[in-house]
Structures are given as C-alpha cells and as structure tokens.
Amino acid sequence: MTALAVTGHMDLTEESLPAVRAALDELLARYRDVDRDRDGGPGSGKTLVGISCIAKGADSLFAEAVLAVGGRLVVVVPSRDYRRSTVEPDDAPLFDRLAAAADEVVVLPRERADRQAYEAANALLLERADRLVAVWNGEPPSGRGGGTADLVLAAREAGIPVDVVWPAGAARRADSR
C-alpha cells in the first residue's frame, strides 16, 4: 500500500486545471501500477491511498484523481466549522461529493478553521503519508505558516519524499497571492 498526501495551491487558474489534472493522473498511475505489481497482479487499485483536505484547487483535483484510479480517499477536515466557515458556496457541492466518496473522514477536534487548525491538519497529513504530492510552483514560504511551501519543507525535513507537480502551463491567479 502507498499512502500519498497532497498539498498544493488553491488559486490555480482555470486554464491550468486540465494540465495539473493530467499530471496528477500520470503520477497516480505510476503508484497504482507499482502497488499492483507488488500485489502480484491486477487488483482493485485500493492499495493506493490518497490523503487530502479537499480544499478547492490542488487538493480537490488530487482527490478526484485518486478516486478515478480506484484508490481509497482519506479526507482530513481541519476543524469542526471548516465546511461552514471556509468552503465557498460554489465549491460546496464538490467538497460534499468528495467527503461522501471518502473511505475515511477525519475531523480534527478544533472548533475554528484558523492557522493552528491548518497546521494540525498538515501534521496529520505527514504523519499518515509515505510520500507527499505537492502541486507547487516552487516559491518559498510566505512567512504566514501553514502553506504549500511550508508543508513541502516539513516533509523534506522529516525524510518524507516529495513529488512536485507543476506542469508546463500551470499558473496561479495573480489576484489571490
């Protein structure tokens, strides 16, 4: 079994989404094939586990790709109020669909979605992951904590391998940084 956690930018441009999704599909297919070989033949793909907070952007794209290859999805929700306070109305149907499709949903025992909740969620992602998939443009940490670059650095410090996904044409919205 391979457990892949994800971190990534929430503010991908609409034009970037197909390229990022294709890159995630290609990456996950490699792990699925390795798991099948290890198991001695074709199987359900359930030996691939994707761990995601299913935020908009990279997290949701990754979760959809995990489900598309027949993997198990584990959802980490940073706080009890996360869905209500953080998920935007346009993103709620996808969030709800992914949460319903998950094999496991872990809601952290935090009341509010704040920096500490996100950092606790990131810690749990790393605790449960064999590898980290980072949909990341390579920019350094912002200094606010809890972001994509912060999690990549923490994974590397912990000795967790990181697969960076940033295909040609990927971009972040300029208005959201």
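Hi everyone, a quick definition before we start: a strand here means a DSSP run of E with at least two residues, and strands are numbered from the N terminus. With that in hand, I can tell you that valine 76 lies in strand β3, and we'll come back to that residue. Please keep in mind that what you see above is a predicted model.

Let's take the whole protein to begin with. Its secondary structure comes to six helices and six strands. If you walk along the sequence, the order you meet them in is β-α-β-α-β-α-α-β-α-β-α-β. The radius of gyration is 15 Å, close to the 16 Å that the globule rule gives for 177 residues, so the protein is as compact as a globular protein of that length. Along the principal axes, the C-alpha atoms fill a box of roughly 45 × 35 × 35 Å.

How much of the protein counts as buried? Of the 177 residues, 46% do. On the outside, the protein exposes about 8,600 Å², and carbon and sulfur atoms supply 50% of that area. As for charge, there are 22 positive and 28 negative charges, and their mean positions are 2 Å apart. Now for the contacts with a separation of 6 or more: 77% of them are accounted for by residues 24 or more positions apart.

Let's go in along the chain, starting with strand β1, residues 2-8, where threonine 7 has its place. Is threonine 7 buried or exposed? Its relative accessibility is 6%, and the cut-off for buried is under 20%, so threonine 7 counts as buried. Beyond its neighbours within four places in sequence, threonine 7 is in contact with Asp59, Leu132, Val133, Ala134, Val135, Thr148, Leu151 and Val152. Hold on to Asp59 from that list, as we'll meet that residue again in a helix.

Next comes strand β2, residues 48-52, which runs parallel to β3 and is joined to it by four bridges. To find your place in that pairing, look for valine 49, which stands opposite arginine 72 in β3.

After β2 there is a spot I'd like you to look at. In the loop between β2 and α2 (58-68) sits isoleucine 54. Most residues other than glycine have a negative phi. Isoleucine 54, though, is not a glycine and has a positive phi of about 50°. Isoleucine 54 is also buried, with a relative accessible area of 2%.

That loop leads into α2, which is mostly covered, with eight of its 11 residues buried. Which are the buried residues of α2? They are Ala58, Asp59, Ser60, Leu61, Phe62, Ala63, Ala65 and Val66. So there is Asp59 again, buried in α2 and in contact with threonine 7. Just after α2, glycine 70 takes a positive phi of about 85°.

And that brings us to β3, residues 72-77, another mostly covered element: five of its six residues are buried. Back to valine 76, then, which is buried with a relative accessible area of 0%. What is valine 76 in contact with, leaving aside its neighbours within four places in sequence? The list is Ile51, Ser52, Cys53, Val106, Leu108, Ala121, Leu124 and Leu125. Take isoleucine 51 from that list: valine 76 and isoleucine 51 are 25 residues apart in sequence, and 7.2 Å apart in space from C-alpha to C-alpha.

That's my tour, thanks for listening!

Notes
Residues numbered from 1 in each chain as written. Predicted model: local features only at pLDDT ≥ 70, side-chain atom pairs only at ≥ 80, totals over all residues. Heavy atoms only, no water. Rg over C-alpha atoms; globule rule 2.2 N^0.38 Å. Buried < 20%, exposed > 50% of the residue type's maximum accessible area, 1.4 Å probe, protein only. Contact = heavy atoms within 4.5 Å. Areas by Shrake-Rupley, 256 points an atom, 1.4 Å probe, with all protein chains shown as cover. Lys, Arg positive; Asp, Glu negative; His and termini not counted. Charge placed at Lys NZ, Arg CZ, Asp CG, Glu CD. Pairing = 2+ DSSP bridges.
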